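Take a look at the sequence and the 3D model below. The report that follows goes from domains to chains to a single helix.

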Number of protein chains: 2
Amino acid sequence: MLFDKLCIIGVGLIGSSVARAARKQGLCKQVVAFGRETDNPNLVRAKQLGVVDRFYTDIEPAVTDADCVVIAVPVGAAETIFKLLQPYWNDTAVYTDVCSTKGSIVSAAKAVFGRVPSNFIPAHPIAGAERSGVEAGMADLFENKRLIITPLQDSHEVALEKVTRFWEGMGAAVSLMDVAHHDTVLAATSHLPHILAFALVDLLGRKDEQVEIFKFAAGGFKDFSRIASSDPTMWLDICMANKQEIIPLIQQLQAELSKIQQMLEHDESQQLFATFTYAREARQRFLDQLEK
Amino acid sequence: MLFDKLCIIGVGLIGSSVARAARKQGLCKQVVAFGRETDNPNLVRAKQLGVVDRFYTDIEPAVTDADCVVIAVPVGAAETIFKLLQPYWNDTAVYTDVCSTKGSIVSAAKAVFGRVPSNFIPAHPIAGAERSGVEAGMADLFENKRLIITPLQDSHEVALEKVTRFWEGMGAAVSLMDVAHHDTVLAATSHLPHILAFALVDLLGRKDEQVEIFKFAAGGFKDFSRIASSDPTMWLDICMANKQEIIPLIQQLQAELSKIQQMLEHDESQQLFATFTYAREARQRFLDQLEK
C-alpha cells in the first residue's frame, strides 16, 4: 500500500474522484477530507457516500499523520490552503495538487513558504467534467487520461517518485513538463476554448431571439458549447491565474477571425477553403494522436 | 404511399439519408439518384448499398416521372442544379432541398426562373454529422430532429403540405419560418460556431508546439473542435452564402472577446465571473429546451 492516510483538501469533482480512485485501486488505507465550514453539506455527503472515512473543517486533525495530501481546490484558493497547511507541514509526507495552472500554484507556495517545499509535487490531471461537487466524482476519472507533473529543480526525488506512482496507480499516463511550458500548452488547448465557449453562449444568450436560437441549435452546438457549462468559480480562477498566456492567444484568435471576416468580405473563396481544410486536417492529426 | 418516384440530386450524407429514410418509412415506391460524372464512384456505391434503385449522370431520365425531387447539394451548386432542372421542370411534381442557407437557394431559383417556382418548397433539416459521402447516410438521421421549412408568399399549398408530410414522415419536427429569419437564426446557432471551431483549430494547428498541444488536449477540446472536422466545401458555400448575417456576428463575438480580454487585463473578477455564470445559465436554458 502506497500510503497510510490520504488527506484530500476539497472534495469537489476532482477531489472526490481522487478519493474514490485511490480507494478503488488500494493506494491508501484511509481517506480523510478537509473542507471549509461552508462546504459542510458536501463533506457530509462525501462521508455518507463512503467516498471518505472522515472529514474535518479544522486543518490540524485532517493532516495529522497524513502521508499524502492532495490539494484539490480552485486555483484562487491555493494560497489560503498553503497558509493553513504551513504550521503542520510534514517533511516526511508528500503533497500534490490538481490545479489547471501550475505557475500560479508555484507562486502561491512561494508566497507562503518563501520557496516551493521540496515535497510538494505539482500535478495536473487532464480530466474533468462540467459537473461539480462530490457526487460528480468518478473512481475511473483518471484512467487512461494524461496527467502532467511539473517538478521543480529542488523537488525531492522520492516525493516525485511517490506522487508519480500515486497518479499512475489511478490509471493516469504521467508526463513531466516545465511549469511555464505547461501553462503555455494548456492555455491553448483548454483555457482558450473555454473562454470561446463562454463568450459565444454569453453572446447568443443575450440576444432577443435566444429562445429561438437555442430551439434550432443542433448537436454541433451542444458539443461546441458543452464546456460553457463548466464551473464559473473554477474558470474565473484559472483564467485570472494564467492570463499572461491567455491574453496573447485571445489576440491571435481575434486576428484569425479578422482574417476569415476579410476572406468573406472579399469573396476569397480559395483562401477560406484552405483555412477550413487546414483546420480539418489539423483536427484529424489530433484524433490520430488521441488513438495512440 | 406519398410518392411514386423520388429523385435525389446528390447522394452525400444528407441525400443518402433522405433516400434511406424515405425507403424505410415507405414514403415512395422507388428512389433514383442524380449526380455528376465525377461523383460516379459514390453513385455506384449508393446502388450497391441498395440506397437507390438506379442512378443517372444525365438529368432528364433522372427526373422524368419523378413526383418528388430533393436537391441535396452544397449551397454553391444550387444554381447549376436549377439550370439543369429547368427544361424538365414538372408543375405536378414537388421540389424541396436541404441547404443550410435559405436566402441563397431562393436567389439561385430566382436567377434561373425569374421567380421561385411555386412547387419548390425550401427546407433545412437541422441534422448532420461531420462525415460525408453516401456511406455516412443514416435512415434515422432526421428522427426527432428539427426541420425548418421556409415557404414563400406564392408557395403552392398542396406542394407545401406534401413536402411537410414527406419530412414529417422521416421523423422530423417541422417548423415554418421566414427565409431571412432562418438565415439570421442559423448564422448564430450553426454558422458562427463552425467558423469559431475552424478558426481555433487552424490557429493551434499552425503552432510549433501543435503536436504537444494536441497531445494534452482533453475531452473538452475534442467536443469543442468536432465541427472543425466538417466538410470544407460545404462550409465554404454556407459561409459565403450567408456572409451578410455571419460577418456582423463575427464582429459581435470579437467585441465579446475584447471585453473578456479587458476583464482579464484589469483584474475585473466580478464581471468575468458574471459573464461565465450568465453563459452557463444560458446553456442550461438551451439544454432544458432540448429535452422538451
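## Two domains in chain A

The domain assignment splits chain A into domain 1 (3–177) and domain 2 (182–291). Such bounds come from an automatic or database domain assignment. The C-alpha centres of domain 1 and domain 2 of chain A lie 30 Å apart. Their contact takes 14 residues from domain 1 of chain A and 16 residues from domain 2 of chain A. Two residues are in contact if their C-beta atoms, placed from the backbone, lie within 7 Å.

On the domain 1 side, helix α5 (residues 102–113) of chain A gives the largest share, three residues. That side of domain 1 divides into four nonpolar, eight polar and two charged residues. Here Ala, Val, Leu, Ile, Met, Phe, Trp, Tyr, Cys and Pro count as nonpolar; Asp, Glu, Lys and Arg count as charged; the others, Gly among them, count as polar.

## How to read the model

This is a predicted model: local features need pLDDT of at least 70, side-chain atom pairs count only at pLDDT 80 or more, and totals for chains, interfaces and linings use all residues. Residues are numbered from 1 along each chain as its sequence is written, while chains are lettered from A and ligands numbered from 1 in the order in which they are written.

## The shape of chain A

Chain A holds 12 helices and nine strands. Helices (H or I, at least four residues) and strands (E, at least two) are DSSP runs, numbered from the N terminus. The C-alpha atoms of chain A fill a box of roughly 70 × 40 × 35 Å along the principal axes. The radius of gyration of chain A is 21 Å, which agrees with the value near 19 Å for a compact globule of 292 residues. That radius is taken over C-alpha atoms, and the globule rule is 2.2 Å times the number of residues to the power 0.38.

Of the 292 residues of chain A, 54% count as buried. Buried means that 20 or more other C-beta atoms lie within 10 Å of the residue's own, with C-beta atoms placed from the backbone; 12 or fewer means exposed, and in between is partly exposed. Among contacts in chain A with a separation of 6 or more, 77% join residues 24 or more positions apart.

## Where the chains meet

How many residues of chain B are in contact with chain A? There are 73, and they touch 72 residues of chain A. The largest share of the chain B side, 17 residues, comes from α7(B). That side divides into 44 nonpolar, 14 polar and 15 charged residues.

A rotation of 180° with 0.0 Å of shift along its axis superposes chain B on chain A (RMSD 0.0 Å). The two copies are therefore related as by a two-fold rotation axis. In chain B, Phe224(B) has the C-alpha nearest the axis, 2.1 Å from it. Copies are superposed by least squares on C-alpha atoms of residues with pLDDT of at least 70 in both.

## Helix α10 and its tryptophan

In α10(B), nine of its 10 residues are buried. Trp235(B) is one of them. The cover over these buried residues includes α11 (243–265) and α12 (269–291) of chain A.

In chain A, Trp235(A) lies in helix α10 (residues 232–241). Trp235(A) is buried, with 27 other C-beta atoms within 10 Å. Leaving aside its neighbours within four places in sequence, Trp235(A) is in contact with His194(A), Ser230(A) and Phe276(B).
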